[in-house]
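Hello,

Here is the structure I promised to pass on. Please open it first, then read my notes below.

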Amino acid sequence: FPSHDRGLSDGYTKSEADTRFQPLDGPLVVSANTSSNALRITQTGTGNALLVEDSANPDASPFVVTADGNVLVNATNSVSGLSGIQSQVQINNSAGIAAAFVRYSSDSLAPSVQFLKSRNATYGSQTVVNIDDGLGTLRFVGSDGTNFIQAASIASAVDGTPGTNDMPGRLVFSTTADGASSPTERTRLS
């Protein structure tokens, strides 16, 4: 790296910065022995906070962290799903599996996906959940050509009064009938 810092905030346009800041010919390693952040990216404008792109196709944007913290892979904008909810983590893929959870270990443990719910609005603090609180939902959604319509879901909820080391739960399986636009409960496991 040059001995002085330069950036777009110093008055360079992107095209000027592209000619002034030469690419690294090797890996960039950020190493810090500190209790503070090792690397911090602060976005004060309206653009993305982080953009990783292919030099052969710069606008393809294979990995983006937006200014509001959404993580997008193979996308530049988050998709509005059901009820207009924006995707906070979105993986687009047209060639097969979009996500895989893999564990290599010499034990009997398997990969895991967890949905965690607390009634406390402060991150890291816990407040007991209530009966009928939702704990997680898998939704299966297809496009009707105009909107995304839910075809099925598997939902988990609290199925009784929770207590210390006691979390009663249920799974609800729902599907959408032909001619309908929302799922109906088909099976409940308590």
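**Asn92 and its surroundings**

Start at Asn92, which sits in the loop that joins strand S4 (89-91) to strand S5 (134-143). Keep in mind that this is a predicted model.

Is Asn92 buried, partly exposed or exposed? Its relative accessible area is 29%. The partly exposed class runs between 20% and 50%, so Asn92 is partly exposed.

Which residues does Asn92 touch, leaving aside those up to four places away in sequence? They are Val73, Asn74 and Ala75. Pro62 is also worth a look. It lies 30 residues from Asn92 along the chain, and the two C-alpha atoms are 9.4 Å apart.

**The second largest pocket**

Next, the pocket that ranks second by size. The volume of this second largest pocket is about 740 Å³. Its lining is made up of 18 residues. Nearest the centre are Gly81, Leu82, Ile85, Ser87 and Arg139. S4 and S5 are the elements that each supply two or more residues to this lining. Which element gives the largest share? It is S5, with four residues.

By class, the lining of the second largest pocket holds nine nonpolar residues, eight polar ones and one charged one.

**Two residues with positive phi**

Most residues other than glycine have a negative phi. Two residues here are worth checking against that.

Asp132 is not a glycine, yet its phi is positive, at about 75°. Find Asp132 in the loop between S4 and S5. Asn92 is in the loop between S4 and S5 too.

Asn165 is the other one to check. Its phi is near 55°, again a positive value in a residue other than glycine. Look for Asn165 in the loop between strand S6 (148-158) and strand S7 (169-175). Is Asn165 buried or exposed? Its relative accessible area is 82%. Exposed means over 50%, so Asn165 counts as exposed.

**Confidence**

How far does the confidence reach along the chain? The mean pLDDT of the protein chain is 83. A value of 70 or more is reached by 86% of its residues.

Where does pLDDT stay under 50? That happens over residues 1-8. For residues 1-8 the model still has eleven contacts beyond four places in sequence. Where pLDDT is low, the predicted coordinates should not be read in detail.

Over to you.

Best wishes

Conventions. Residues numbered from 1 in each chain as written. Predicted model: local features only at pLDDT ≥ 70, side-chain atom pairs only at ≥ 80, totals over all residues. Heavy atoms only, no water. Buried < 20%, exposed > 50% of the residue type's maximum accessible area, 1.4 Å probe, protein only. Contact = heavy atoms within 4.5 Å. 1 Å grid on protein atoms, 1.4 Å probe; cavity = no way out; pocket = protein on both sides within 12 Å on 5 of 7 lines; lining within 4 Å. Points joined across faces, edges and corners; volume = space filled by probe spheres on them. Nonpolar A, V, L, I, M, F, W, Y, C, P; charged D, E, K, R; others polar. pLDDT = per-residue confidence, 0-100.
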